[in-house]
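Hi everyone, thanks for making the time this morning. I'd like to walk you through some side-chain contacts, so please have a look at the model first.

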Amino acid sequence: MGLGVIDSPAFSLEGTVEEVFYKKGLPKVVILKTATGTVWIKLEKSLRRELAQPPKVGDRLRLEGTISDKYDGWVKQYKASHLEFVATAQPPAAKSSQFCKVLICQKSSCCRRGAKELWQELEAQQLPIALKATGCMGECKRGPAVVILPHKKRLTRAHAQQIRELVYSPEA
């Protein structure tokens, strides 16, 4: 019995990008929402390097490649060797319209330094943000500690004005 090459089944999917995961500055995995569901598609290394522009959330793509079984057939892995842009997402009108998540430490040390009052003030201002309580961020003596996502900005001794400026800042 000779060893032969086993052909993997091929796929061709079209859909909208929901998320892109990067490795070393290059897109590695694209989560694509298709008419039949959501699929995780790994991009071949050669494809990652030759892309003129990386896919963005909201882009409409057509991906082609192979499907292989992983974990004794329990998982199907899609690996794309060809990517084609069908339509690109429209850039947002302004970065200020981007929805932010503000993580505020709610441990005792930060609360003594004004975390509760900061939370109440931000709620009253009705900014385009989602507030989320967190545990200790390791900045106990410089509280209240705050992280603003997706900007990945860390603040200590935070106050509402700083957060408002970062949320509406065009370069953040």
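Let me start with an arginine. Arg 62 is partly exposed, with a relative accessible area of 26%. Please keep in mind throughout that this is a predicted model.

So, which residues does Arg 62 pair with? One partner is Glu 84: the two form a salt bridge, and their closest N and O atoms are 3.1 Å apart. Glu 84 sits in strand E5 and Arg 62 in strand E4, so this pair links distant parts of the chain, 22 residues apart. Glu 84 itself counts as partly exposed, at 34% relative accessibility.

Another partner is Glu 14, where the closest N and O atoms of the salt bridge with Arg 62 are 2.8 Å apart. Here the link runs from strand E4, which holds Arg 62, to strand E1, which holds Glu 14, and the two residues are 48 apart along the chain. Glu 14 is partly exposed as well, with a relative accessible area of 30%.

Now stay with Glu 14 for a moment, please. Arg 60 also forms a salt bridge with Glu 14, with 3.6 Å between the closest N and O atoms. Because Arg 60 lies in strand E4 and Glu 14 in strand E1, this pair ties together parts that are 46 residues apart in sequence. Arg 60 is partly exposed too, with a relative accessible area of 32%.

How many salt bridges are there in the whole structure? A search finds six. Coming back to Glu 84 and Arg 62, whose salt bridge has its closest N and O atoms 3.1 Å apart, we can now put the pieces together. Through shared partners, salt bridges join Glu 14, Arg 60, Arg 62 and Glu 84 into one network.

Next, the aromatic rings. The count comes to two aromatic pairs. Phe 11 and Tyr 78 make an edge-to-face pair, 5.1 Å centre to centre and with 80° between the planes. Phe 11 is in strand E1, residues 10-23, and Tyr 78 is in strand E5, residues 75-87, so the pair ties together parts that are 67 residues apart in sequence. Is Phe 11 buried or exposed? Phe 11 is buried, with a relative accessible area of 7%.

Then we have Phe 21 and Trp 40. Their ring centres are 5.3 Å apart and their planes lie at 15°, so this pair is stacked. Phe 21 belongs to strand E1 and Trp 40 to strand E3, residues 37-43, so the pair links distant parts of the chain, 19 residues apart. Phe 21 is partly exposed, at a relative accessible area of 31%, while Trp 40 is exposed, at 53%.

One last stop, back with the charged residues. Where does positive charge gather on the surface? There is a patch made up of Lys 23, Lys 24, Lys 45, Arg 49, Lys 70 and Lys 79. If you want one member to find on your screen, try Lys 70, which is in strand E4, residues 60-70. Lys 70 is partly exposed, with a relative accessible area of 36%.

That's my tour, and I'm happy to go back to any of these views.

Technical notes. Residues numbered from 1 in each chain as written. Predicted model: local features only at pLDDT ≥ 70, side-chain atom pairs only at ≥ 80, totals over all residues. Heavy atoms only, no water. Phe/Tyr/Trp six-rings, centres within 6.5 Å; stacked < 30°, edge-to-face > 60°. Helix = DSSP H or I, 4+ residues; strand = E, 2+ residues; numbered from the N terminus. Buried < 20%, exposed > 50% of the residue type's maximum accessible area, 1.4 Å probe, protein only. Patch = residues over 30% accessible without salt bridge, like charges linked within 9 Å, V, L, I, M, F, W, Y side chains within 5 Å. Areas by Shrake-Rupley, 256 points an atom, 1.4 Å probe, with all protein chains shown as cover. Salt bridge = Lys/Arg side-chain N within 4 Å of Asp/Glu carboxyl O. Lys, Arg positive; Asp, Glu negative; His and termini not counted. Charge placed at Lys NZ, Arg CZ, Asp CG, Glu CD.
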